[in-house]
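Student: I would like a close look at the salt bridges in this protein, and then at the empty space inside it. Could you take me through both in one go?

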Amino acid sequence: MPKAKWLINRLTAMSAEEVIWRLSQLKLQRKEKRAFKKKPILVTAKIFNKSLQNLVPDEEFFYLNLSNPHFSLSTSLPLLGGYHYKLHKKDWHYGFQTSNHWPKTFSYELDYKQCDDIGDARTNWELNRHLQFALLAKNYFASLDKKYLDEFESLFKDWNNENPFLHGISWTSVMEFAIRASNWCYAYCFLKARGEASKTLLEELKIGIINMTDYVVSHYSRYSSANNHLVVEAFSIAQSGILFRHKPWVDLGISLLTRELPLQNYADGVNKELSLHYQSFYMEAMGLILRLLQKNQYPVPDSWEPILEKMCEYISDCRGRYGEIIAFGDNDDGKILDLNGAAFDHYEYVLGLFSLLLPNSYIEVRKSAENLTWLFTANDFKKSRSKPIYEPEICACYREGGVSILRSKDKQVLIGIDHGELGFSSIAAHGHADALSFRMYVKGKPLFIDPGTYIYHTDLTSRNAYRKTKNHNTVCVDGRDQSEMLGAFLWGKRAKCRLLIFRETEEDIYLSAEHDGYHPEIHKRTFVYNKTDELVIKDEFQTEVIKELNFILARQAKVECDNKLKTVKINLNKLEVKINFDSDAAIELSTGTTMASNKYGKQHETPTFTARTNGKSVKTRVKIAKR
């Protein structure tokens, strides 16, 4: 899309107040450009804001469990897209999707969006978040092996020399400042606690944390951009404030988090971005700062605990007995802290974090989640085991959040249904056009899948494809999308979805909802699940326009369509599923493939099948014949 057209659409999504604020930010940026463009300076060289020169950090305020015996000594970092960390650990400007590099341009003049000739900025940012800095500092503290300190110092010096303040790709997003500052805080605390790091290194870390936090204070996200980014930025401000005992930062961060908690989350515990991943990411920030408030005996706002409990219940409901997860919307595998250095289940980690912080437990807390063993003591773990444990019910309907979770009586089948809004605020950045879509797992294995996300800031064709209606388990009318894409993170006209009926009996679960994404046509979809092995889906319309019922399957599935009998057979390992169609008009079945992504930056072909008809009513009967 031409950038001028995108800019017009983006401005349309802003209020007058937001436009005024953004103009004030441009004025501030011009001032910063005069100060930092011509004569690049390292973020560790000096404290830019003279009023902050007297701040002194104290690692004891982080209350790390320095006697933790449960640790690993990994020096790697899982990079997005499967790139090898050790090959790229100093490639701070690398494009990743290409062999090209981001220019060391002044950051306000660097356009990082849809630069297919370089790469995806989000992939690069992962390296520049400096999760490896906290990891290496932890390794040195735990082992006293100087090779970890030497590695840390080498990377730290190289990064600072290669990334002057506000020059290059690592300085293009305020949230990236915040996550980097957070990891520098943890690195400082581990190194200071061990007492062997040089005074120069500790001083540079201190200066960098102050400068990055001060920048976030002046530039944190607001208005239509105030989504999970703002929460992470506010968390980081408050966290730095605790490390330095700087009350203005603590007060600002906590006030922003308190204000945003009801604005960004439904009362039933569903985050309004309607992306389970971003809910977990949001909750990690809340959990990390809640821990610091509790440990330092700061007052915790009364409004926090009730909604955080609901948010934990929702994630718990979305998890199956095998660890499978029901998730819709975007997922970029984002995290704030990684003291493990290997892939881990972020949902399990976050539920463990809150099981140690809240009155109830949501998971059996495991010491294998290394973040937790450094953040909490053995006594904290012991207390968590005596707390009441939240147990998901057979079904959970989140009426406000717009997601329902259905289970079989033996917990072997897990189904998720999306009947919610497109996404949060005027831009709905992380939503997909997937109203009334569903997902299904059997014995922890995916059967009907969500295609995923794949990529953000490059290959716009793929970015759009992963959000399109036809690539989700719902109905596409006349080849159109339910909602209008105006940019990679911007939506125009959007489908309005509403729940009509939800009820549960001893025999079955009944859910009916509708959306107006094909106005004046209304799509009504009803799900009836017998809690065992059969799901019936009925789609109803007012007119005889062409409709395609799309079904996206797991990668290993084998599909056979019989147009004469109007049946589909699916074989997935030892699983057999039979599907029958009943329509008031002719129906045509066909198989195909689409692209799917179960990890950010990676994609693969996956089988699909489609039922095409112009009938006003179609009934789909999904029968699990063999498990």
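Tutor: Here is a walk through the salt bridges, followed by the pocket and cavities.

Please keep in mind that this is a predicted model. Let us begin with the charged pairs. Side chains of opposite charge can pair when their charged atoms come close. In this structure there are 28 salt bridges, and a good place to start is a linked group. Arg122, Glu126, Arg129, Glu176 and Asp332 are joined in a network of salt bridges. Within that network, look at Arg129 and Glu126, whose side chains meet with an N to O distance of 3.9 Å. Are these two partners buried or exposed? Arg129 has a relative accessibility of 1% and so counts as buried, since the cut-off for buried is under 20%. Glu126 is likewise at 1%, which makes it buried too.

Now turn to Arg259, which forms a salt bridge with Glu260. The closest N and O atoms of that pair are 2.8 Å apart. Here the two partners fall into separate classes: Arg259 is partly exposed at 42% relative accessibility, whereas Glu260, at 5%, is buried.

One more pair is worth a visit, that of Lys524 and Glu540, with 3.9 Å between the closest N and O atoms. Because Lys524 lies in strand 11 (residues 521–529) and Glu540 in strand 12 (residues 534–540), this salt bridge ties together parts that are 16 residues apart in sequence. Lys524 has a relative accessible area of 28% and is partly exposed; Glu540, at 24%, is also partly exposed.

Before we leave the residue pairs, consider a contact across a long stretch of sequence. Thr377 sits in the loop between helix 14 (370–375) and helix 15 (378–384), and is partly exposed at 30% relative accessibility. In sequence, Thr377 and Asn65 are 312 residues apart, yet their C-alpha atoms are 5.7 Å apart in space.

Next comes the empty space. Rolling a probe the size of a water molecule over the atoms shows where empty space is left. The second largest pocket holds about 1,200 Å³ of space. Two or more residues of its lining come from each of helix 11 (276–295), helix 13 (346–355), strand 4 (438–442), strand 17 (587–599) and strand 18 (602–613). Strand 17 provides the largest share of that lining, with four residues. In total 46 residues line this pocket, and Asn331, Asp333, Ser597, Asn598 and Lys599 lie nearest its centre. By class, the lining has 18 nonpolar, 17 polar and 11 charged residues.

As for the cavities, there are three of 30 Å³ or more. The largest cavity has a volume of about 130 Å³ and is lined by 18 residues, with Leu274, Ser275, Leu276, Phe328 and Val403 nearest its centre. Nine residues of this lining are nonpolar, six polar and three charged.

The second largest cavity has a volume of about 80 Å³. Its lining includes Asp418, Glu421, His432, Asp434, Gln482 and Cys497. In this lining, five residues are nonpolar, four polar and three charged.

Notes: Residues are numbered from 1 along each chain as its sequence is written. This is a predicted model: local features need pLDDT of at least 70, side-chain atom pairs count only at pLDDT 80 or more; totals for chains, interfaces and linings use all residues. Side-chain values use heavy atoms; hydrogens and water are left out. On a 1 Å grid over the protein atoms alone, a cavity is a set of points where a 1.4 Å probe fits but cannot get out, and a pocket is an open set with protein on both sides within 12 Å along at least five of seven lines; lining residues have an atom within 4 Å of a point. Grid points are joined across faces, edges and corners, and a volume is the space filled by probe spheres set on the points. Ala, Val, Leu, Ile, Met, Phe, Trp, Tyr, Cys and Pro count as nonpolar, Asp, Glu, Lys and Arg as charged, and the others, Gly among them, as polar. A salt bridge is a side-chain nitrogen of Lys or Arg within 4 Å of a carboxyl oxygen of Asp or Glu. Buried means under 20% relative accessible area, exposed over 50%, partly exposed in between (1.4 Å probe, protein chains only).
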